[in-house]
Amino acid sequence: FNTSETKAAIVLLKKVGYESDIVTGYCCGEPAFVRGYKVEGLKQLKASLNRLREDIKSEKPVIFTSPSCLIPFLEHAGELLSQEEEVDSKKIQNGFHEAVSFILEQMERIRAFSSAGTQRNFFKPVDLKIAVHIPCHLKVINKDRALISFVETLPVAETIKLKTKCCGFGGSRGFERKWAAHSDRIGQELLDEIRLSKPHVI
């Protein structure tokens with residue numbers, strides 16, 4: 001929970017007017033869900049929802065820096081909570097957000113309300129070459145375009161959208177030693193493309 005992604009999200013959320021509380025010590029249950037252990041996945045997800053219950057009730061946005069962790073909340077949270085109390089499951093789902101798409105929406109909202117003829121600049125120009133790879137689970141939740149749109153707002157020297165689709169990780173299978181060589185072979189094409197494009201940041 002002290003990752004560079006989390007730190008960056010906190011900085012960006014502050015730029016668009018949000019203070020952040022980091023919720024730790026829970027699991028979304030996704031590793032269990034993807035391996036077919038739905039009961040265990042629901043148990044872990046329910047424990048997480050109990051920690052977030054007051055935030056959900058107060059309609060405080062719950063932000064996820066990992067789209068993989070967000071998926072179980074979108075798919076199962078409304079169902080779990082509505083079993084215990086009278087809640088609008090759709091409203092619950094709308095309270096969960098992928099970080100980049102949420103920040104982009106807030107930037108667009110702020111710009112829309114800016115005075116006529118003014119343009120709010122959130123970032124300083126920097127001489128960087130950025131390569132963008134779309135994670136599979138970002139596509140699953142239909143937020144892949146948001147990542148591209150966000151990167152396009154950055155005042156950098158060059159942006160490259162990588163054409164290779166698969167990194168070779170394969171979800172939770174990427175953690176298993178027996179799949180390591182297979183993952184390496186699949187991911188080699190992406191690695192080659194990155195080496196050719198020579199970006200400063202991916």
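How many of the 202 residues of the chain count as buried? The share is 34%. The legends below describe a predicted model.

**View 1. The whole chain combines nine helices and four strands.** Read from the N terminus, the order of elements is α-α-α-β-α-α-β-α-β-α-α-β-α. Along the principal axes, the C-alpha atoms fill a box of roughly 55 × 50 × 25 Å. Take the contacts between residues at least 6 apart in sequence: 71% of them join residues at least 24 apart.

**View 2. The surface of the chain has an accessible area of about 12,900 Å².** Carbon and sulfur atoms account for 54% of that surface. The chain carries 30 positive and 26 negative charges. The mean positions of these two sets are 4 Å apart.

**View 3. Helix H8 spans residues 144-153 and holds several buried side chains.** Ala-146, Leu-147, Ile-148, Phe-150 and Val-151 are buried here. What do the buried residues of H8 pack against? The helical partners are H1 (4-15), H6 (99-112) and H7 (136-140). Strands S3 (126-132) and S4 (156-161) also take part in this packing.

**View 4. Cysteines Cys-27 and Cys-28 are shown in a structure with zero disulfides.** Why is there no bond at Cys-27? The closest cysteine sulfur belongs to Cys-28 and is 4.7 Å from the sulfur of Cys-27, which is too far for a bond. A disulfide needs the two sulfur atoms within 2.5 Å. Cys-27 is partly exposed, and its relative accessible area is 31%.

**View 5. Cys-136 is also in no disulfide.** Its nearest cysteine sulfur is that of Cys-166, 5.7 Å away. Is Cys-136 buried or partly exposed? The relative accessible area of Cys-136 is 45%, so this residue counts as partly exposed.

**View 6. Leu-74 sits in helix H4, residues 67-84.** Which residues does Leu-74 touch, leaving aside those up to four places away in sequence? They are Gln-93, Phe-96 and Ile-141. Leu-74 is partly exposed, with a relative accessible area of 25%. The cut-off for a buried residue is under 20%, so Leu-74 does not count as buried.

**View 7. Leu-74 and Pro-125 are 36 Å apart in space, C-alpha to C-alpha.** In sequence, Leu-74 and Pro-125 are 51 residues apart.

Notes. Residues numbered from 1 in each chain as written. Predicted model: local features only at pLDDT ≥ 70, side-chain atom pairs only at ≥ 80, totals over all residues. Heavy atoms only, no water. Helix = DSSP H or I, 4+ residues; strand = E, 2+ residues; numbered from the N terminus. Buried < 20%, exposed > 50% of the residue type's maximum accessible area, 1.4 Å probe, protein only. Contact = heavy atoms within 4.5 Å. Areas by Shrake-Rupley, 256 points an atom, 1.4 Å probe, with all protein chains shown as cover. Lys, Arg positive; Asp, Glu negative; His and termini not counted. Charge placed at Lys NZ, Arg CZ, Asp CG, Glu CD.
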